[in-house]
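Grab a pencil and work through these exercises with the structure open next to you. Try each task before reading its solution.

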Amino acid sequence: MRIDLISIFPEFFDVLDLSLIGKAQREGRLAVHRHQLRDFSFDKHRSVDDTPTGGGAGMVMKPEPWALALEHVLTQAQPPAHAQSPDAEGLPTLIIPTPAGEVLTQHTAQQLARTEHLVFAPGRFEGIDQRLLDWAPQHFDVRPMSIGDYVLNGGESAVVVMVEAITRLIPGVLGNPESLAEESHAHGLLEYPVYTKPARWRGLDVPEILLSGDHAKIAAWRAQQQDVRTRKLRPDLWAKHVVAQEKNLT
Ligand code: 6GU
């Protein structure tokens, strides 16, 4: 997978060189390219923003530096004729991080993990001129995307979250692929509680059933714990789960 990150703070993405995502890059499973948006602004101050037309607070990002940066990425990413097939739609995916976007879910992350080329365009200030978003679908599958219902100062930290959620699902990136199957959200429920040694710690005991060696009973207990947790902490997920189960029974 190729990932392009365009921002006025490209150093923000240095964390992606650490840990499993850094390792995936060194192993060639993933190529992350960072771009300084200001390199595509050619006025004296390399400015990328201007006042909102029609008035109002804050600044708006100008469309032209973004278009030039995105065109640069398209040119750079032209695969050699013999290389891998393009994405299903034939276009790279352009993710625009914004609190006004579709909220990223595990399901969407799984879809995005199967694409060849992801481009992230995190804006600062009050956002990017709408005409950039109207122009971009000529070249990209455009997805305005949020990481939750709260507001960040800019999209960069959201990009780090999205890249981590997506790339860990690329085959070979995660150390132990079995953990993918069992983790929270993999089946629409929260994960069960986990324990390690010692069996008694500061007067607190590991649930006895986990020491029983009875794998069927342990699996049933864990499933029940998932239900209890999800009902309590995420009634929204629980409601969906109940509907899905009822569908399967009929
Ligand atoms: Cl993607 N961007 C910003 N600025 N705030 C957010 C967000 C993104 N997702 C949630 N809040």
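**Exercise 1. The overall build**

How many helices and strands does the secondary structure of the protein chain come to?

Solution. Keep in mind that you're looking at a predicted model. Start by counting elements: there are 8 helices and 9 strands in the protein chain. Next, lay the C-alpha trace along its principal axes, and you get a span of about 70 × 50 × 45 Å. Then look at burial: of the 250 residues, 23% are buried. Finally, take the contacts with a separation of 6 or more; 75% of them link residues 24 or more positions apart.

**Exercise 2. Splitting the chain**

Find the domains into which the protein chain is divided, and the distance between their centres.

Solution. Domain 1 runs over 2–167, and domain 2 over 187–249. Now take the centres over C-alpha atoms: they sit 37 Å apart.

**Exercise 3. Around the ligand**

Which residues surround the ligand, and how do they divide into nonpolar, polar and charged?

Solution. First, list the shell: Pro97, Thr98, Pro99, Ser146, Ile147, Gly148, Tyr150, Val151, Leu152, Gly154, Gly155 and Ala158. Second, sort by character, which gives 7 nonpolar and 5 polar residues, with no charged ones. Third, ask where they come from: strand 5 (residues 93–103) supplies the largest share, 3 residues. Last, check the record. The "binding site" annotation in the unreviewed UniProt entry covers Gly123, Ile147, Gly148, Asp149, Tyr150, Val151 and Leu152.

**Exercise 4. Two residues from one loop**

Are Gly148 and Leu152 buried, exposed or partly exposed?

Solution. Place them first: Gly148 lies in the loop between strand 7 (141–146) and helix 5 (156–167), and Leu152 is in the loop between strand 7 and helix 5 too. Now count C-beta neighbours. Gly148 has 11 inside 10 Å, so it counts as exposed, given that exposed means 12 or fewer. Leu152 has 16 other C-beta atoms within 10 Å and is therefore partly exposed. To finish, skip the neighbours within four places in sequence: Leu152 is in contact with Ser157 and Ala158.

**Exercise 5. Ser184**

Where is Ser184 found, and which residues is it in contact with, leaving aside its neighbours within four places in sequence?

Solution. Look in the loop between helix 6 (178–182) and strand 8 (200–201); that's where Ser184 is. Ser184 is partly exposed because it has 16 C-beta neighbours inside 10 Å. With neighbours within four places in sequence set aside, Ser184 is in contact with Leu190 and Glu191. One more step: Thr230 is 46 residues away along the chain, and its C-alpha atom is 9.8 Å from that of Ser184.

How values were computed. Residues numbered from 1 in each chain as written. Predicted model: local features only at pLDDT ≥ 70, side-chain atom pairs only at ≥ 80, totals over all residues. Near = placed C-beta within 6 Å. Helix = DSSP H or I, 4+ residues; strand = E, 2+ residues; numbered from the N terminus. Nonpolar A, V, L, I, M, F, W, Y, C, P; charged D, E, K, R; others polar. Domains from an automatic or database assignment. UniProt positions renumbered as here; feature names shortened; annotations may be inferred. Buried ≥ 20, exposed ≤ 12 C-beta atoms within 10 Å, placed from the backbone. Contact = placed C-beta atoms within 7 Å.
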